[in-house]
Amino acid sequence: EFRINKEQSSFHNRLLQHDLEKNYSGRQDNTNFGSSSSITFPVLQRTAEEKILNSDRLTLERQKLTVCPIIDGEDHLRLLNFQHNFITRIQNISNLHHLVFLDLYDNQIEEISGVSTLRSLRVLLLGKNRIKKISNLENLKNLDVLDLHGNQIAKIENIAHLSELRVLNLARNLLTVVENLNGLDSLTELNLRHNQVSAIKDVDTLPCLQRLFLSFNSISSFEDILCLADSSSLSDITLDGNPIAQETWYKHTVLHHMMQLRQLDMKRITEEERRMASIAARKEEERKRESHKQTLLKEKKRLTIGNIARQWEIQHNRIALEASLNKDKENEPCQINGSAAYVFPEESRSLDTILSSAVQGLSVLESHLVEVEGDTLGLYGAGALECLDRNWSVQTAGIIATVSFMFIEFDEIVQVLVKLKTKFPNCVHLKFKETNLVALQQFNALAEMHRMEQLTVDSQGNPVVNFALWKYYVLFRLNHFNLQKINGVKITENDIVKAERLFGILAYVASSELPHYRMLSLFGGSRKKQFHYLLEGKGKKSGVGSEESSDNRRSGGESTARAMLNYMTNDFHMEKLEEIKERKTFCQTYVENLVKEAADINMKNESLQKLWPQMFIELVRDAVIEIRNKNSYMKLCLQRITDQK
């Protein structure tokens, strides 16, 4: 009796066990195919002796058959072999109800058909054919081995009912995704070699799967086969020939996630390999966590910078809108027949109402960002300037050589330049992007820095770079820094000479027009002494001018003339204007009071001049009357003296 050994573990050994016996092949020449004019298919006829010797087996291997012959009187057949023929369709075997083993390997079959009545079939071998779809297997519920390798199948389907299936061979097909394996509760071996598989699903639902062959596919990451880690029964797996197998972490990762494996890529796994895999996997997990953390930080940085940029744009739009509204209001007073000539209903709305929708939802993100990357300190948003008030470690502060400003008003930066040079003594490079640098005089403020070797002003958000001579002005005004590069371009001696020729007269004009008391207020003690020498005409005799120049070069200080070119921020300018206004008001009030007081005095004097003659006459008259009686007058005087005492 033909039996299938269920203890056999290898699919290839199974095929060897179920291979056709060669005893019958020696008698193949004695098999006769009869034909009749009324029968389309050849009819198989065997002698009684042949039936006795191989009663349950029939081999028609390499017979150049193009169709399946009609097999009469062979209902008891259990094994049928049609290997290496040219058969294009399965037919004429529906009467073989006891058939257990059907081999149609290496034919030209394009569709699975004609097997629905073979309910006893246990092994179906259809490898190396032209089948494009798995179908018509609904009644083969006892199937144990299904071999469909070497076909053109692109999808696994219609096999969920094969609960008894133990071996499935789909090697060398066109599969891209492994799926639809639910229901194969007895499957122990799955061969998917030489496909185009890039993702695997449902394998973790197979309770008995032990061997999985995935060699030479398109699996590129462990995430593509992540479900394999959830399989508790899997013991042997092959992944060689996949892109994933070229990764350095491949073996360690697979062993770490599949601790139950006995073999990987047909090689037995040792305990030492498991231990090393566990260590390597932990390191890989730490690396991935760190990488994920860095990715999150980068994404957060990107979102935060985007939010800061939007707020910067909204702020500038607000300023532009306010300026536009103020300009429109100045033009509004034009009246026609006592009524306004035009109105702006939209523009007259509250500015906060106009912009509220634009800023809604942005509060969930940071409004500023401080970032230290290598030797560069990046400051994004005006709030980032507050970091200069923190207690920086000496090591970190000493590393900073470049400070980058983005989305911050330059006037706000000017106010912290003193802190900047104090906190970061080794800072030699300043970068400005979206800082609203609009005038050359703003560069005067940078003279407060301790030292500077490089300056970078991005054209984005800094209209000043549209001036053709802005670099030469920077070179002239910051000459005492000995700048090496501006916007990444090296400074030459010719650039310095040209800058001096272009703007040298400017410093002279500024110093000559400034009052002496204002100039003295800009200098320290040594500079004041030098300036007095210059005023007294002693500069040439004592050589103070040359000494000053040489001292400036040695100490890196700016020249007296250049010091006259300073920058006043808008806020400071407004404060000065307010102060001047207050002083003007005070002076005006004081003068008005003086004038009023003088007018009152003059008025009183004029009134006195008019009344004085009459007053004098009355005084003389009263005196004469009073001293007319001499004795009475003397008594009255003595009485007054006594009363006073």
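Visitor: What does Glu299 form a salt bridge with?
Guide: Glu299 forms a salt bridge with Arg302, and the closest N and O atoms are 2.5 Å apart. A salt bridge here is a side-chain nitrogen of Lys or Arg within 4 Å of a carboxyl oxygen of Asp or Glu. This is a predicted model, where local features need pLDDT of at least 70, side-chain atom pairs count only at pLDDT 80 or more, and totals for chains, interfaces and linings use all residues. Residues are numbered from 1 along each chain as its sequence is written, and side-chain values use heavy atoms, with hydrogens and water left out.

Visitor: Where do Glu299 and Arg302 lie?
Guide: Both are in helix 5 (residues 271-331), three residues apart, about one turn of the helix. Helices (H or I, at least four residues) and strands (E, at least two) are DSSP runs, numbered from the N terminus.

Visitor: Is Glu299 buried or exposed?
Guide: Glu299 is partly exposed, with a relative accessible area of 34%. Buried means under 20% relative accessible area, exposed over 50%, and partly exposed in between, with a 1.4 Å probe and protein chains only.

Visitor: What does UniProt list for residues 269-302?
Guide: The unreviewed UniProt entry lists residues 269-302 as "coiled-coil region". UniProt positions are given in the numbering used here, feature names are shortened, and annotations may be inferred rather than shown by experiment. In the model that span is 94% helix and 0% strand, and its end C-alpha atoms lie 45 Å apart.

Visitor: Back to salt bridges. How many are there?
Guide: The count comes to ten. One of them joins the side chains of Asp144 and Arg166, at 3.0 Å from N to O. That pair links distant parts of the chain, 22 residues apart: Asp144 is in the loop between strand 7 (123-125) and strand 8 (145-147), and Arg166 is in the loop between strand 8 and strand 9 (167-169).

Visitor: Are those two buried or exposed?
Guide: Asp144 and Arg166 are both buried. They are also linked with Arg122 in a network of salt bridges.

Visitor: Now the sheets. What is the strand order in the one with eleven strands?
Guide: The order is 3-5-6-7-8-9-11-13-14-15-16, in an open sheet with mixed pairing. Two strands pair if DSSP finds at least two bridges between them. The edge strands are strand 3 (57-59) and strand 16 (267-268), each pairing on one side only. Strand 3 runs parallel to strand 5 (residues 79-81) over three bridges, and Thr59 has Asn81 as its bridge partner in strand 5.

Visitor: And which strands stand at the edges of the other sheet, 19 to 25?
Guide: Seven strands form that open sheet in the order 19-20-21-22-23-24-25, again with mixed pairing. Strand 19 (369-373) and strand 25 (489-490) stand at the edges with a single partner strand each, so one side of each has no neighbour in the sheet. Strand 22 (residues 429-433) and strand 23 (residues 454-457) pair in the parallel sense over four bridges.

Visitor: How many residues of helix 10 are buried?
Guide: Seven of the eight residues in helix 10 (residues 470-477) are buried, among them Trp470 and Phe476.

Visitor: Which residues form the nonpolar patch on the surface?
Guide: They are Leu608, Leu611, Trp612, Met615, Phe616, Leu619, Val620 and Val624, with about 740 Å² of accessible area together. Accessible areas come from the Shrake-Rupley method with a 1.4 Å probe, and for residues only the protein chains shown count as cover. Patches are made of residues with over 30% relative accessible area and no salt bridge; like charges are joined within 9 Å, nonpolar side chains (Val, Leu, Ile, Met, Phe, Trp, Tyr) within 5 Å. Phe616 is in helix 17 (residues 570-626).
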